[in-house]
Amino acid sequence: MKTFFRFTMIALLMGFAQVLFAQDGRNLQFFRPVGQPGLNVFEPSKADTVEYEGVKVRVGGDFAMQFQGLSQSNDAAAGSGLELKELNSNMNLPTANFNLDVQMYDGVRLHLRTYLSARHHAEAWVKGGHMQIDKLDFISEGFMEGIMKYTTVTIGLDEFNYGDAHFRRTDNARAIYNPFVGNFIMDAFSTEAFGEVTVQNNGLLAVVGVTNGKLNQSVTSGTDNKASFYTKLGFDKQISDDFRARLTGSWYVNTGTSTGTWLYGGDRGGSRYYQVLHTVGNDAAGVPSQGSDFDGRFNARFTKISAVQINPFIKAGGFEFFGIYEVASGLNEGDGAMTQIAGEALYRFGANDRYYIGGRYNTVNGKMAEAATEDMNISRLNFGGGWFLTDNIITKVEYVNQQYNGDAWAGRFAGAEFKGVMIEAAISF
């Protein structure tokens, strides 16, 4: 048995070494570069600059580690069990991803991401994967090349292209594209079975897609599952060497009462701010401790939903601005609507723009029901900076202050606030 085990391990290591030898991420077609060269890349370009040289396998990974120094408070009375836990300054559980990108054929590429370590799951599990098709030469050489010159078809069970914020967010351990630690408060991100078509031509962009509306896949009957439909229109133009402008608008709709809740609740990695808004509880009074791995974000959980997200992006020299204006509306009678506004301003400087400083302001405001008397309001302020030690290694530090404002909040959220310093180091390769 020991001999068999050793032989198996040697074979696996030899195979893994061969894969590593074969990989070269620079030679993958229509691919977002990993690390600093991939900053501010949204949809991969249709520029056909890489010659197909056979099947190539790119093995990659993401690692992120944080030091958290946050404090928190709310308006709950002492002894009620609804007071927020006291947070210590210490390290959070590091996170890790394992990535496979495979050039399957000329213009056909596969992506697969596995969360090796995540806040919300102790075990390793596949986040999702997709096939990206930029050419149809596998049917016959040059088949529909006049159309495919501008068109990309993506099919899989993975994140889909609603809005632009998901290109800048932290995906479990892939934190290198996010200039701050946390994602936006209403975090539009879900992994669902989907198919989408993207057309790009001379700076103009159009996306149309459909998902099955489900995060957890199942064929069980008795639920009101409906498909989700989404689209994106916009432009992205490098107007001069020092000035780039992008503006997109995205729309998403789902009318199923058991499928509409996932758009802002589909990230199973968990919040980037650990243990915030968790209560101490009071066993003697029968008050259990409250809190989840996703606190710090907001999901209205409209069972039927329509959402619109508008994203401006400007880069002028070292200055960058990215914004969100988003409205998520419930489609059931009596549902309300929530509006998210965010603005992120950065200045990159130094040799090869290795350093940056900046700030982000993010608010969510609205009512979950038309009959509600008060608006719910959440505001978050981030400011800080970062340093790319190499193209694939970043360190960043931020100050964050998040507040739950107004009289609409009850229980542990009434008057809640967390604030302090976060330090994060991340590697992507």
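Strands here are DSSP runs of E, at least two residues long, numbered from the N terminus. I am working from a predicted model.

**Entry 1, Gln200.** I looked up Gln200 and found it in strand S7, residues 191-201. Is Gln200 buried or exposed? Its relative accessible area is 19%, and the cut-off for buried is under 20%, so Gln200 counts as buried. I then checked the side chain for polar partners. One of its polar atoms lies 3.1 Å from the backbone oxygen of Pro44. Setting aside neighbours within four places in sequence, I listed the contacts of Gln200: Glu43, Pro44, Lys46, Tyr150 and Leu205.

**Entry 2, Arg354.** I placed Arg354 in the loop between S13 and strand S14 (355-369). Arg354 has 19% relative accessibility, so I logged this residue as buried. Which side chains make polar contacts with that of Arg354? I noted Gln36 at 2.7 Å and Asp391 at 2.8 Å. Gln36 and Asp391 also appear in the contact list of Arg354, taken without neighbours within four places in sequence. That list also holds Phe349, Gly386, Trp387, Phe388 and Thr390.

**Entry 3, nonpolar patch.** I turned to the surface next. A nonpolar patch there covers about 700 Å². I wrote down its members: Leu204, Phe235, Leu247, Trp251, Val308, Ile310, Tyr325 and Ile341. Which strands each supply at least two residues of the patch? I found S10 (243-254) and S11 (305-316). I followed up Ile341, which sits in strand S13, residues 335-349. Ile341 is at 43% relative accessibility, so I entered this residue as partly exposed.

Conventions. Residues numbered from 1 in each chain as written. Predicted model: local features only at pLDDT ≥ 70, side-chain atom pairs only at ≥ 80, totals over all residues. Heavy atoms only, no water. Patch = residues over 30% accessible without salt bridge, like charges linked within 9 Å, V, L, I, M, F, W, Y side chains within 5 Å. Areas by Shrake-Rupley, 256 points an atom, 1.4 Å probe, with all protein chains shown as cover. Salt bridge = Lys/Arg side-chain N within 4 Å of Asp/Glu carboxyl O. Helix = DSSP H or I, 4+ residues; strand = E, 2+ residues; numbered from the N terminus. Buried < 20%, exposed > 50% of the residue type's maximum accessible area, 1.4 Å probe, protein only. Polar contact = N/O pair within 3.5 Å; in protein donor to acceptor, adjacent residues only side chain to side chain. Contact = heavy atoms within 4.5 Å.
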